[in-house]
Amino acid sequence: MRKIISYSDAQISKKDNALVAQAMRNGWGKNNNKYVNLFEKKFAKKLNVKYALATSSCTGALHIAIAALDLPKGSEVIMADSNWIATLSPVIHLGLKPIFVDVKLDNWCIDPKKIEKKISKNTSLIIATHLYGNVCEMKIINKIAKKNGIPILEDSAEALGSKINNKLCGTLSDIGCFSFHGSKTLTTGEGGMIVTNKKNIYEKCKTLNNHGRTAKEYKFFTASYVGFKYKMTNLQAAIGLSQLKDLNKKISKKREIFKNYKKNFSDIKIKMNTEKKDEFNSYW
C-alpha cells in the first residue's frame, strides 16, 4: 500500500481540540466574541502591531482592507502578475483596474524596478504579495510609494513569520492581510486577519466587517455604510489561539523541511526559494 505524504496538511493538536471544545461550551451569548477578541489581541501582540481584525478568510480580509482605503472607482491598482486569484478578485469587485507587473525570477515577488514604470496619475494602490514565504523588497517599494503618495497593502497570506531586518511581513506598510486556510502554517480551517498601525484604517475595516455599522450602531438596525460580513467565529478563533502558541515551532519545522529539500536536491540543477542576509523566510 502506498503512503501518501501531504505537502500541505493541517496540523491539529490535542490542545487545539481542547480549546475548541471549551469555546463550544461557553462561546455563546455574552461570550459570542470572547475568543475572536482574544485571538485578535494576541495576534496583534505577536506581530507587534496596534490593531488586528479577524475575518472568515484572507479573501475577505483583502476585500475589506481595499474597500477601507476608499479608492476612486476606476483607479489603478499595481500588483504582481503571478498571484492567487484571491488577490485580484477584490480589486475587480470594487471597480478598480488591475495593472500587472512582472515578478523577479529569483523570488517570484513583484519587481520594484518595474513598479515605477507602471505608476500613472490614476494609480491608487500597490499590492505587494510575499509569495510562498519569499519576501518583497519592501524598502524600495515603500520608497516608491512614499514618493508618489500611494498606499501599500501587503498580501502576506503565505508569509506568516517571514521577516525583513527582523520586522515581520504584513507589518511593513499601511496594511497587511493573512490567511489561516487549512493549508497554512497557522490554520483556523478557513480564516484571515487584517493588521495595521493606523487607527483610521482599522476603524473603517471594523465597521465594514459589521455590515457597515459603526460602534454606536452596533446594537441597532442602522448602518452608515454598505458593508460586508466576513466575520470569524469563536470556534475558528479558538483553534487560532491555540495554534498561535506554537507558531514559532511550526515555522522552525517548515525551515527544517526546506533545509532537507535543499540538501537532498543539491545535485539537481533547480532554483529554490531565496533568503538574503537581511531576510528570514518562513518557507510556507
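Lys42 belongs to helix α2, which spans residues 34-47. The structure is a predicted model. This briefing covers two surface patches, the buried side of one helix, a loop residue that follows that helix, and two residues with positive phi.

**Positive surface patch**
- Lys42 is partly exposed, because its relative accessibility of 44% lies between the 20% and 50% limits.
- Together with Lys41, Lys45 and Lys245, Lys42 forms a positive patch on the surface.
- An α-helix has 3.6 residues a turn, so residues three or four places apart point the same way.

**Nonpolar surface patch**
- Five residues, Ile257, Tyr261, Phe265, Ile268 and Ile270, make a nonpolar surface patch of about 450 Å².
- One of these residues, Tyr261, is located in helix α9, residues 247-264.
- Tyr261 has a relative accessibility of 43% and therefore counts as partly exposed.

**Helix α7 and its cover**
- Within α7, the buried residues are Ile201, Tyr202, Lys204, Cys205, Thr207 and Leu208.
- A lysine, Lys204, is thus included among the buried positions of this helix.
- The cover over the buried residues of α7 includes the strands β1 (51-55), β8 (175-179) and β9 (192-196), as well as helix α3 (58-68).

**Asn209, in the loop after α7**
- Asn209 is situated in the loop that runs between α7 (199-208) and α8 (234-244).
- With a relative accessibility of 4%, Asn209 counts as buried, because this value is under 20%.
- Beyond its neighbours within four places in sequence, Asn209 contacts Leu53, Ala54, Thr55 and Ile64.
- The contacts of Asn209 also include Phe228, Lys229, Tyr230 and Lys231.
- Two of the elements that cover α7, β1 (51-55) and α3 (58-68), hold residues in contact with Asn209, including Leu53 and Ile64.

**Positive phi at residues other than glycine**
- Asn166 has a phi near 70 degrees, a positive value for a residue that is not glycine.
- Asn166 occupies the loop between β6 (163-164) and β7 (167-168).
- The relative accessible area of Asn166 is 65%, so this residue is classed as exposed.
- Tyr283 likewise has a positive phi, near 45 degrees, and is a residue other than glycine.
- Tyr283 is placed in the segment after β10 (279-280).
- Tyr283 is classed as buried because its relative accessible area is 11%.
- Of these two residues, Asn166 is exposed, whereas Tyr283 is buried.

Key
Residues are numbered from 1 along each chain as its sequence is written. This is a predicted model: local features need pLDDT of at least 70, side-chain atom pairs count only at pLDDT 80 or more; totals for chains, interfaces and linings use all residues. Side-chain values use heavy atoms; hydrogens and water are left out. Helices (H or I, at least four residues) and strands (E, at least two) are DSSP runs, numbered from the N terminus. Buried means under 20% relative accessible area, exposed over 50%, partly exposed in between (1.4 Å probe, protein chains only). Contact means heavy atoms within 4.5 Å. Patches are made of residues with over 30% relative accessible area and no salt bridge: like charges are joined within 9 Å, nonpolar side chains (Val, Leu, Ile, Met, Phe, Trp, Tyr) within 5 Å. Accessible areas come from the Shrake-Rupley method with a 1.4 Å probe; for residues, only the protein chains shown count as cover. A salt bridge is a side-chain nitrogen of Lys or Arg within 4 Å of a carboxyl oxygen of Asp or Glu. Lys and Arg count as positive and Asp and Glu as negative; His and the chain ends are not counted. The place of a charge is taken as NZ of Lys, CZ of Arg, CG of Asp or CD of Glu.
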